[in-house]
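Dear colleague,

Please find below the structure that I am handing over to you. My notes on what was found in it follow directly after.

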Amino acid sequence: MEGEPKLDLCHLTEVEQTVILNVLLRDAELRSKEEGRIRKLQQTVSDPVHLRSLSGEWFHEERAKRYQKGGADVVHASIRRKRREKDTPLTAIFDEEKGNDSSQLHEQREEEKSSERELKEHISVREDDKDQEEKEREKDGESLIPKATPDPQSRTRHITKKSAAVGNGLEGSFGESADKERRVLPSAPPSLQMDSEGDIDSGSTELDYTRFGSVSSLTSHHMMNGSLMSLYSVGDFGDVVVSGRIQFSLQYDIKKEELHVHIISCQDLASARKNRSDPYVKVYLLPDNTSRSKKKTAMKRKTLNPVYNETMKYKVRRLDLQARVLSLSVWHLERMRRNLFLGEVEVRLGLWDWSQSQPTWHNLQPRVQLSPDAIISRGTILFSIKFVPPGSEGNGHPLTGELHIWLREIVGLLPTKRGAPNTYVKSVVLPDESGISGQRTRLVRASVSPVFNHTMVYDGFQSSDLVQACAEITVWNPHHSECLGGVRLSTGSGVSYGQSVCWMDSTEEEISVWSRVIQSSSSWVDTNATPVGGRTVPDFGKMYHVKGELTLPYSGDGIKESFEVWYDLEGNRSRIDYHNSTVRTFLIGDDFDYGAIYQITPVTTDTEIQAIKYFQLNGTKEDPIRPQAALPDLQGFGFEKMEDYAGVQCEVWKKFTQAGHKKNTYRLWVTRPEGKDSPAVPYHYEMMGFNTLLESHNDKYMIDYSDFSPRTESDIFTPPGDMTYKEFPDPPEERQILANPLQDYVHTSPVSHAHRLFGPFKEKFKRQYESEKEHEERESYFVHTLRLVHSSNRAGLTFSLGINDFADWSKAEKARMRGRLLSTDGYQTQTLTQFSKYLSTPDEPSCHSLYDVNPVPPSCVYIANFCSPRTLVRRFQTDESLFPICTMWRLLAGFVLLLCAADATPVGGRTVPDFGKMYHVKGELTLPYSGDGIKESFEVWYDLEGNRSRIDYHNSTVRTFLIGDDFDYGAIYQITPVTTSTEIQAIKYFQLNGTKEDPIRPQPALPDLQGFEFEKMEDHAGVQCEVWKKVTHAGHKKNTYRLWVTRPEGKDSPAVPYHYEMMGFNTLLESHSDKYMIDYSDFSPHTESDIFTPPGDMTYKEFPDPPEEHQILANPLQDYVHTSPVSHAHRLFGPFKEKLGRQYESEKEHEERESYFLHTLRHVHSSNRAGLTFSLGINHFADRSKAEMARMTGGLLIPDKKKAVTK
């Protein structure tokens, strides 16, 4: 067959070739059977014409007119005569590995020759088994198809990627020493898929993650299996000179979470065959190079200017686009040969301008060689690490050295085929002969940016041990115990305590970080890596003008304060105006010896309203005056990611700091209008404070920037010179923050001037707190109150505020105090008297007042000013005839203050939210009282008019269809994994039919708002919401339901659900005995009709016993969106008592046991819906409390008759 056409299959691996040989073997077997059938026909059919039709001879004749040989012969000949010398290892492509190319190529070729010899040994023709017909065919020159066995293994190509740069600018590379152990995870060979046009792709949709990477980066090692060109299908590269361009547009549908790629046309393509091409466009969303990602347009015949007008849709979250690359390649389709490459365009979606929705033209580019930098990041782990030497904290503590690893978060993880991965982080300090040093974080489910905020501490160290040790930090997905990546921090010497070890193999970057840990004792070392190449740290210059708006969401009801800053560092001066120049501040560093601050501001006192005052603060040697910047100092900031913020594509720069229990995260969003390395423009700044002792985010502020300019005017810095400036008013410790409040918001230290004022406050009011935790709480309340007071006083209002002894109280405590004013007992009278002294109003009721109370809205202030409560109380104490007047005042004051505490809207009614008869919404159910706090995600499609709904739990692990029109009274169909004693996660199909008494109806995801009333406007998790409330009673159960909704388009626009919460109070137990919450997202008033159809080719069975649980098993969500204190779970308590013969001593105990049972039942059912490898059930301990269970499991060795009584 020397002269016959051959398909060049040399680029395929041995496994791929073996698969093809097996297909050919099957072809030979079918030929043999066909020839046997024809022989029988020749013996039985005498009519030649009929025989020609039955035997298929007519087909072979027609085929012979078109093709000389069959396709199987061509493929077989190609494999026998393949040119293996063209196949080179992928590592030889990279520049950094060219030094040892020759040896690698020689070894590779020797290995290939050996593999080929082995393959030929397995592929043989069994001569003894040939029948007479086969021998005759052999004589005629037709070759037989050899047998093949799929023993040869696929070739694995290792790609070594340069480590990404960390925030300190360090760079390193991996695999630098050939002696070091390869740090990669094993990967199974992919399956193969071939479409109708001959494209071959890896069938695996899993991403190959790294075992270890650079500091923070999870991308440094990478494994590819299969054909080198499998990503781009079978084709010729370089045979056609690339020319032309392609027109397309990109849009992202936020509601559907879809990327839309609209391919419109191509122009001036290269000619593939005789001045023509048959082009089509292929699209991949990299790094997913599998058939799931591949999408193609139709082929357009005989044209160089094809028009497609086709839209490709990718289901992908907006956040995940930051690390994705869109690949569009144009190909000429060949039916019997390899397709020809006509050009490509690659779009890094993290840098795409999403405001650009119009189609654009892009020039096609030739195929470029793969490089390490082309491999996309799979995520970045952000952590800090420090070593605390023995005795460094005073009093000989700590006794031994301690290594602290603060695992903060992971950003930019790529999702798997199952969606966003579940992840946790493990750390171990090597050498670890005992095997007990391993620690791990909690599991964060279904997140591509999991936040851990977890600190691991290792003790028993001496400073000298760090040189011999290695800190290994790895990220894991519990599914099949899959390691997603990690780092090893060590000296990289390969030796520990005199012994050679494989784990001392750190890269230069990791070694650098470990060296900083050793050198910077007791100081945190941050490791913030960039996942998409290096970035230029923003530099805003030494002079600029910018406007901004400061937001304080945790102070009052959320303060917003506008400002404008002129900054001139070289001139040693700046100016800051607040509230449209209501307050003007000049900071002149060259005045006097140490500079001065001049401030012009309106002041309201008991004798003046908005009087313009001129204050001056001179600098000192210890605290000189310097120009105040409006932007943070970016020293220590590291590039985090690209992000779309408020519709604008931004770089995000991030920094972590810690002081005591305060861990602050600072982020700055910047744009670069003229390109990646062009000057940056500030867009948004945000600080989020986390307190490790309180285990909560207790501080936050944001600044939105606008109108940035790198120029200022020189005369803008000159304060008015014809005025007399005075010192700032007392107390002296507040003067610094009064003169320059902005410094507290652009610094990057967890301890601000506001925090430092807490000490004088405690001293003044003789505060002593019971615990360190209470101290942290009170300090937080004080800081927010202080910010509220100062910001309000800068606004130029007709009243002013001050700090009093309620400044360290929470909102809840103040609200309770206000509510007591309606009572008439002596304690509450004392409260009124105590409160009235803070309304320091003169005896004349008509004058304006200086309030040093915690802030009260102006509407309440003016009502309270009608009469002086201080005067009334004082006169009441001496004149009992004024009792009715004082009582009336107390009622009025109580009403007014309660009105303020409720934050009710002062004007107009509210439209009751109506979510329509059809919608789609996602949610996360939280059960804080069940187990250790259950979180369960769900997704609901609801169609009331269609009398149907669908509910999926745990990313469609459980799917439930409620069809009201099936059978007489509707039916519920559920597909769920079930684990029993004989099966693990076996998929089962259950059905529950409705009855006349209990028909099946579509299940909503949102509560029926009948009976709900508008309560207040509230900032919930940084979002302004309406709060709607309903209270229900049943027996001793008093439940309060609240729904938080937003109205994005205005007060009377359609409402969008945001948060739902039930708080249950038991009047007999006098405690809150129940609580659950639902957080909603991705609400849409539309659904797709085919989403409601359950699989019809399955056999559905009844739900398992007991029968009384069928309803709650089939539709668990109904118990959480109803507004009745008695749920299906409560009703199951009766059968439980009856089954186990429970009798309780009192009604109170009955209520307690019912509550314990309820939470246990929820825990059991929710866990069983999660698709775990075990299942839970209700037993006779279901009505026991956690404390009882703990005593029982821990107290078996010490019998206690009193506690051993079993009901």
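In what follows, two residues touch, or are in contact, when heavy atoms of theirs lie within 4.5 Å. Please bear in mind that this is a predicted model.

I begin with the nonpolar core. The largest one has 40 residues, and among these Phe 563 and Tyr 705 touch the most other members. Leaving aside residues up to four places away in sequence, Phe 563 touches Lys 547, Gly 548, Glu 549, Leu 550, Asp 577, Tyr 578, Ala 630, Ile 703, Tyr 705 and Leu 742. One of these residues, Tyr 578, also has a charge above its ring: the charged end of Arg 794 sits over it, 5.2 Å from the ring centre. A second such arrangement places Arg 1169 over the face of Tyr 953, at 5.2 Å from the ring centre.

Next comes an open sheet. Its 12 strands follow the order E30-E31-E32-E33-E34-E24-E25-E26-E27-E28-E29-E35, with mixed pairing. Strand E30 (638–645) and strand E35 (726–727) are the edge strands, each pairing on one side only. Within the sheet, strand E28 (residues 596–603) and strand E29 (residues 611–618) run antiparallel and are joined by eight bridges. Tyr 598 stands opposite Gln 616 in E29.

The loop between E28 and E29 contains Thr 604. Is this residue buried or exposed? Thr 604 counts as buried because its relative accessibility is 8%, below the 20% cut-off. Its side chain reaches the backbone nitrogen of Gln 610 at 3.0 Å.

Aromatic residues also deserve attention. The structure holds 32 aromatic pairs. One of them is formed by Tyr 614 and Tyr 725, which meet edge-to-face at 5.7 Å centre to centre, with 85 degrees between the planes. This pair links distant parts of the chain, 111 residues apart: Tyr 614 belongs to strand E29, and Tyr 725 to the loop between strand E34 (696–709) and E35. With 17% relative accessibility, Tyr 725 counts as buried.

Phe 758 and Phe 761 form a stacked pair, 6.1 Å centre to centre and with 15 degrees between the planes. The two are three residues apart in helix H11 (residues 758–764), so about one helical turn separates them. Both Phe 758 and Phe 761 are buried, and they form one aromatic cluster with Phe 765, Tyr 769 and Phe 782.

Finally, I turn to helix H2 (residues 48–55). At its start, a side-chain oxygen of Asp 47 reaches to within 3.2 Å of the backbone nitrogen of Val 49. Just after H2, Gly 56 takes a positive phi of about 80 degrees.

With kind regards

Terms used: Residues numbered from 1 in each chain as written. Predicted model: local features only at pLDDT ≥ 70, side-chain atom pairs only at ≥ 80, totals over all residues. Heavy atoms only, no water. Core = buried A, V, L, I, M, F, W, Y, C linked by side-chain atoms within 4.5 Å. Buried < 20%, exposed > 50% of the residue type's maximum accessible area, 1.4 Å probe, protein only. Pairing = 2+ DSSP bridges. Helix = DSSP H or I, 4+ residues; strand = E, 2+ residues; numbered from the N terminus. Polar contact = N/O pair within 3.5 Å; in protein donor to acceptor, adjacent residues only side chain to side chain. Phe/Tyr/Trp six-rings, centres within 6.5 Å; stacked < 30°, edge-to-face > 60°. Lys NZ or Arg CZ within 6 Å of the ring centre and 35° of its normal.
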